[in-house]
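Visitor: Could you take me through one part of this protein slowly, looking closely at the aromatic rings and then at what surrounds them?

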Amino acid sequence: MDWVYPKRLAPGMTIACIAPASSSDEELHTIEAICAEKGYHVIFGASCYRTGLYGGTPKEQAAEFQYMMTTAPCDAVLALRGGYGTMRYVDQLDYDAIGHYGKAFIGYSDCTALHMALQRYSRLITYHGPMGVDFKESRQVDIDALFHALEGHLQVIEPLPEPPRGAIGTELGDGILRGGNMTMLSMLCGTKYFIEDSSLENTILFLEDVGEAPYKLDRMLQQLRLAGVLRRIKGLMLGTFTNCEGDDDERDYDLGYEALRYMEEDRSDEMIEPFVCYVPTGHGSPHQTLPLGAHVHFRYISNTIVVSPYYRR
């Protein structure tokens, strides 16, 4: 099944905001004002006004997400925040219908469950990008990058930290970008919402997280190793790991180095040498927008990531 490119956004279109995970107390008028400056209209789902732990019951959130991603009068769907809640209803969505409408979905953190489910069953390219919680004047660079991607412009992300292998060579590393929040991915590993087995060899796995000590990150890395994921993926893209320093005796832990070591273990001779690269995105700023499910290129020679436009023409 071919990948579904989302609708390309242009000023004059409408963006729907929802709270697909935890409830939100964001200043909705600020989000509306920033979108208006970009030329977009905004509508807010009922979940944006709910209080309590979540943006609604699983049934309410599933129904709202389904509506906004299909027949609602909007062209893209923006999550207000993450937190927790999306895993409670990923099994209640009509993925064929969502793929048919092909609307852009933007979010990160707990929204990783939705990204993974949409990519596996709708084959829809989605966006790991700033959410409503990030729509502040202080985050203008990140917001500009988000709209730059949604409007179909070429992205060249540079410069990146030097990869753990050492000297930057001349080969290219490329593949289909999948993944998101590392904790969420570890929760999904082994379920029917994880990356389909047949796609692993062409996958660049993206990982980021917040507030997890190095020993917890390593525990999740071991899960990916023991599940056979690391030895089969083409490469690994590591985002920002915010507030993940841990205790003093954990400060020397190097996730990229450790992951690369495991990627090289028991690897098939038919597979190319794996790679690790870094990108400044995750919880906090900077937050580069990444199209999940899209084909991306990591250029060793210039240490940049090139992301071609991904939208429905």
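Guide: Let us begin with Phe147, which has a relative accessibility of 3% and therefore counts as buried, since the cut-off for that word is under 20%. Please keep in mind throughout that this is a predicted model. A pair of aromatic rings is described by two quantities, the distance of the centres and the angle of the planes. The structure holds 7 aromatic pairs, and one of them joins Phe147 to Tyr40, with the ring centres 5.3 Å apart and the planes at 35 degrees, so that this pair is classed as tilted. Because Tyr40 sits in the loop between helix 1 (28-37) and strand 2 (41-44), while Phe147 belongs to helix 5 (residues 140-150), the pair ties together parts that are 107 residues apart in sequence. Tyr40, like its partner, counts as buried, for its relative accessibility is 3%. Ring pairs also bring in Phe135, so that Tyr40, Phe135 and Phe147 are linked into a cluster.

Another of the aromatic pairs is formed by Phe275 and Phe298, whose ring centres lie 5.6 Å apart and whose planes meet at 25 degrees, so this pair is stacked. Here the partners come from two strands, Phe275 from strand 10 (residues 275-278) and Phe298 from strand 12 (residues 295-299), and the pair therefore ties together parts that are 23 residues apart in sequence. Phe275 counts as buried at 2% relative accessibility, and Phe298 is buried as well, with a relative accessible area of 1%.

From the rings we can turn to helix 4 (residues 112-122), where 9 of the 11 residues are buried, so that this helix is largely enclosed by the rest of the structure. Among its buried residues are Leu114, His115, Met116 and Leu118. Helix 4 is followed by Arg123, which lies in the loop leading from helix 4 to strand 5 (126-128) and counts as buried at 11% relative accessibility.

The backbone deserves attention at this point. Most residues other than glycine have a negative phi, and most peptide bonds are trans. Arg123, however, has a positive phi, near 55 degrees, although it is a residue other than glycine. Asn243 also has a positive phi, of about 55 degrees, without being a glycine, and it is found in the loop between strand 9 (235-242) and helix 8 (255-264). Whereas Arg123 is buried, Asn243 counts as exposed, with a relative accessibility of 56%. The peptide bond from Ser285 to Pro286 is cis, with omega near 5 degrees, and Pro286 is placed in the loop between strand 10 and strand 11 (290-292).

Finally, we can set these details within the whole chain, which contains 8 helices and 13 strands. Its radius of gyration is 19 Å, close to the 20 Å that the globule rule gives for 313 residues, so the chain is as compact as a globular protein of that length. Of those 313 residues, 58% count as buried. When we consider contacts between residues at least 6 apart in sequence, 82% of them join residues at least 24 apart.

Terms used:
Residues are numbered from 1 along each chain as its sequence is written. This is a predicted model: local features need pLDDT of at least 70, side-chain atom pairs count only at pLDDT 80 or more; totals for chains, interfaces and linings use all residues. Side-chain values use heavy atoms; hydrogens and water are left out. Helices (H or I, at least four residues) and strands (E, at least two) are DSSP runs, numbered from the N terminus. The radius of gyration is taken over C-alpha atoms; the globule rule is 2.2 Å times the number of residues to the power 0.38. Buried means under 20% relative accessible area, exposed over 50%, partly exposed in between (1.4 Å probe, protein chains only). Contact means heavy atoms within 4.5 Å. Rings of Phe, Tyr and Trp (its six-membered ring) pair if their centres lie within 6.5 Å; planes under 30 degrees apart count as stacked, over 60 as edge-to-face and the rest as tilted.
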